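Here is a walk through one protein model, taken strand by strand. Keep the coordinates open as you read.

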Amino acid sequence: MNELTIAMPKGRIFEEAYELFVEAGFDLPKEINDSRKLIVEAPEERIQFILAKPMDVPVYVEHGVADIGIAGKDVLLEQLRDVHELLDLHISNCYIATAGLPNTMMNEIAPRVATKYPTIATNFYKEKGEQVEIIELNGSIELAPMIGLADRIVDIVSTGQTLKENGLVEYEKIVDISSRLIVNPVSYRVKSERIRAFVAQLKNELIKR
Ligand SMILES: Nc1ncnc2c1ncn2[C@@H]1O[C@H](COP(=O)(O)OP(=O)(O)OP(=O)(O)O)[C@@H](O)[C@H]1O
Ligand SMILES: O=P(O)(O)OC[C@H]1O[C@H](OP(=O)(O)OP(=O)(O)O)[C@H](O)[C@@H]1O
């Protein structure tokens, strides 16, 4: 069977994805979990893992240096890469919403929205017929309304704790998010049997959950 290269996101998704793989019966090396190595082999499985930043996973898969990847739906909606989405893994569940200071309206003359999802935010306000200025940030988005940088944020909400602790409220839910298995379209043709078997093994675990 062919070797598979899988781009695995470091950070938040990693732990749940690792657990899913192990429970699905994949024999993963311990070093994938507790070393600084960026490329880890799972020789028993003939799988090579690339440990990547979550936002970079679709880049590796689109370019074909990884056959498969795991990416948040937020990243896929934001980047619109040429990859196939094969499976909803139902992990790292959250949603994207607008939020801001309580009982506030958008500034009528120059409404500003801070986000690390400029495409998702632009599309959302365009569909509502509202023209807004998007201010792109890389993290700690909740700061923006608190310090007067923006009227609203478009960001991930999971437990709601970050909003609550910073005195913000949710206004509109935009879209549910979970992590997805994505595949390079050429790999899917060339290694179709191998990838189908891999997906079937994961699906088998998912239906048990
Ligand atoms: N609070 C959350 N709860 C559940 N899932 C989340 C949450 N925040 C983000 N996610 C999901 O996990 C993915 C990765 O998030 P993570 O915070 O690990 O990375 P990041 O913020 O994109 O990058 P980094 O923190 O490494 O710069 C997101 O793309 C999203 O799908
Ligand atoms: O509803 P909650 O459970 O509080 O989770 C939501 C928070 O999680 C994410 O931030 P992250 O921790 O990734 O940090 P970041 O601000 O650097 O993106 C997201 O951007 C929110 O800030």
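Two strands pair if DSSP finds at least two bridges between them. The model is predicted, and that pairing rule carries us into its sheet.

Start at strand β7, residues 112–115. On one side it meets β8, with 4 bridges joining the two. These strands run parallel. Look at Val-113: Ile-134 in β8 stands opposite.

How do β7 and β8 connect? Helix α5, residues 118–127, belongs to the same unit as these two strands. Together β7, α5 and β8 make a β-α-β unit, and it is right-handed.

Now turn to strand β9, residues 152–157. It pairs with β7 as well, again in the parallel sense, over 3 bridges. Two positions show the register. Ala-114 stands opposite Ile-153 in β9. Thr-115 has Val-154 of β9 as its bridge partner. A general point helps when reading such pairs: in a regular strand the side chains alternate between the two faces of the sheet.

Step back to the whole sheet. Which order do the strands take? The order is β8-β7-β9-β6-β10. These 5 strands form an open sheet, and the pairing is mixed. At the edges sit β8 and β10, the latter spanning 169–177. Each of these two pairs on one side only. From one strand to the next, the twist averages 25°.

Next come the loops, and two serines with unusual backbone angles. Most residues other than glycine have a negative phi. Ser-92 departs from that pattern, with a positive phi of about 50° although it is not a glycine. Ser-92 is found in the loop between β5 (84–88) and β6 (94–100). The strand after this loop, β6, is also a member of the open sheet.

Ser-140 is the second case. Its phi is positive too, about 45°, and it is not a glycine either. Ser-140 lies in the loop between β8 (133–136) and α6 (143–146). The strand before this loop, β8, is an edge strand of the sheet.

Are these two serines buried or exposed? Ser-92 has 12% relative accessibility, so it counts as buried, the cut-off being under 20%. Ser-140 has 55% relative accessibility and therefore counts as exposed, the cut-off being over 50%.

Technical notes:
Residues numbered from 1 in each chain as written. Chains lettered and ligands numbered in written order. Predicted model: local features only at pLDDT ≥ 70, side-chain atom pairs only at ≥ 80, totals over all residues. Heavy atoms only, no water. Buried < 20%, exposed > 50% of the residue type's maximum accessible area, 1.4 Å probe, protein only. Right-handed = clockwise from strand over helix to strand, strands pointing away. Axes fitted to C-alpha atoms, helices over the stretch in contact; angles between N-to-C directions.
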